[in-house]
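Hi everyone, thanks for coming. I'd like to walk you through one model today, beginning with its ligand and ending with two spots in the backbone.

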Amino acid sequence: MKKIKGEIFLPGDKSISHRAVILSSIAEGITEIENFLFCEDCLATVNAFRQMGVKITAKRPPSRAGEAGRAQSAERNLIVYGRGLRGLKKPARPLYLGNSGTSMRLLAGVLSGQNFSVRLKGDSSLTKRPMQRIIRPLKLMGADIKGKDKYPPLTIKGKKGLKAIRYKIPVASAQVKSAILLAGLYSEGETEITEIAKTRDHSERMLKLFGVDIKTKGLKCKIKPSSLSSPAKIKIPGDISSAAFFIVGATILPGSYLVLKNVGLNLTRTGIIDVLRKMGADITVHSPQSTVYSQKTVNCQLSTVNCLEPVGDIIVKASRLKGIEIKGRIIPRLIDEIPILMVAACFAKGETRIKDIAELRVKEVDRIHSLCYNLKKMGAEIEEKKREVIIKGLKKIKGERLDSFSDHRTAMALTIAGLKAEGKTIIENSDCIKTSFPDFRKKLKEIVFV
Ligand code: S3P
């Protein structure tokens, strides 16, 4: 039986890496970004800003012993030479954003306030993703933005004189919230957003870090037009969404013991830890902001270097899981971890129900279907409903030839299922993993033992 043992450093958080490039590009000053995630999605954002005249280079940091040395031996820091709020140039060609919904939705916010027009394109998956959710509020702000039948490609004719709005976002989406906040930088008056459920707040934190007048309280957020000033040096926390694959792997493979270093512990992202613990997982969190992670104490004394984000180490020991019901407000706090949670549920005693997950159907691929299809093929007992899944755990899971549907999180979740399955698992089209975690296989190999 395989087990997971050792200590790993996670690559930078994908959401925070995108925001770091975007804000650094429209800020005054030069920003050096440490632990930037060099994945396809984030590089799509980098390339888009390069095409708009922003100088962005990568340099190898001086080698250091310990944490930085191990985390970044092959990594580089990203240097962004900001051009200020109004310094972007019209790109010569349409901006191609590959698979990245975050790039497209966040860029739409920035581009609405420019003085040029631009076309945003994506791959076949991105072209099927709903854009009305950003088109509507941005139009209310005065933006000239069009998509063919509300899908990409988008044509944005940037213009001066956007106006602030008060807007209740009808879906729980940090991408929509961030698009409006970014357009708010270019709008006259104070923009006020209300969410229906709290989503990741990395944009709000990083805007604060760049000196923007932004206020948050509960589900509300207010922003005033403002220029941005670079904090010079920032470090991206490790990605908890990437960590989640290893956390579940170490939980379900008996005899495992894993330490994950320097992971982002923002409460809007830690739903996976809360849920796995409720299922019986043995997970301890150590953070300089609080010795033992608890919902109340983790968000204090945040360092500007870490993008005002809490970070810490996670220790996981193998344990027996039991099925539970997962629904409601916790869903946005673990939206990208549901694929790996479905894998965990296959190895939990009893029934796990994951409700309120309709949003999963409009991710890079329909992730309810991609997981149900493959896990069923492996022998799992799963019922696929419109907005929920019901999984009866502890059935015999066997290795199979599987299909990632070209989705990175589906491919990584199935890889972990394959470690626990009897026999060989082959995942077709797994190249897509480089969308968010190019080193996934390499890191996994370092910690898996037979
Ligand atoms: C993200 C927000 C989430 C998440 C995505 C990244 C972000 O999407 O699923 O992977 O960086 O803001 P939604 O805003 O569509 O929920």
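So, where does the ligand sit? It sits in the largest pocket. Please keep in mind that this is a predicted model.

Let's look at who lines up around the ligand. From the earlier part of the chain we have Ser15, Arg19, Thr102 and Arg105, among others. The list also includes Ala172, Ser173, Ala174, Gln175 and Arg200, and Ile335, Asp336 and Lys363 are there too. By character, the shell divides into five charged, four polar and three nonpolar residues.

Which elements give two or more residues to that shell? They are helix 1 (14-25), helix 4 (101-111) and helix 6 (174-184). At the domain level, the ligand lies between domain 1 (13-234) and domain 2 (240-449), because both give residues to the shell.

Now for the polar contacts. The side chain of serine 173 places an N or O atom 2.7 Å from an oxygen atom of the ligand. For lysine 363, an N or O atom in the side chain is likewise 2.7 Å from a ligand oxygen. With alanine 174 the backbone takes part: one of its polar backbone atoms is 3.1 Å from an oxygen atom of the ligand. As for cover, the ligand has 390 Å² of accessible area on its own, and the protein covers 95% of that.

Finally, the backbone. Most peptide bonds are trans, and most residues other than glycine have a negative phi. With that in mind, look at proline 152 and proline 153: a cis peptide bond joins them, with omega at about 0°. Proline 153 belongs to strand 9 (residues 151-157). Then there is asparagine 262, in strand 18 (residues 257-264). Phi of asparagine 262 is positive, near 60°.

That's my tour, thank you!

Technical notes. Residues are numbered from 1 along each chain as its sequence is written. This is a predicted model: local features need pLDDT of at least 70, side-chain atom pairs count only at pLDDT 80 or more; totals for chains, interfaces and linings use all residues. Side-chain values use heavy atoms; hydrogens and water are left out. A residue is near a molecule or strand if one of its heavy atoms lies within 4 Å of it. A polar contact is a pair of N or O atoms within 3.5 Å; within protein, one must be able to donate a hydrogen and the other to accept it, and residues adjacent in sequence count only if both atoms are side-chain atoms. Accessible areas come from the Shrake-Rupley method with a 1.4 Å probe; for residues, only the protein chains shown count as cover. On a 1 Å grid over the protein atoms alone, a cavity is a set of points where a 1.4 Å probe fits but cannot get out, and a pocket is an open set with protein on both sides within 12 Å along at least five of seven lines; lining residues have an atom within 4 Å of a point. A molecule sits in a cavity or pocket if more than half of its atoms lie within 2 Å of its grid points. Helices (H or I, at least four residues) and strands (E, at least two) are DSSP runs, numbered from the N terminus. Ala, Val, Leu, Ile, Met, Phe, Trp, Tyr, Cys and Pro count as nonpolar, Asp, Glu, Lys and Arg as charged, and the others, Gly among them, as polar. Domain bounds come from an automatic or database domain assignment.
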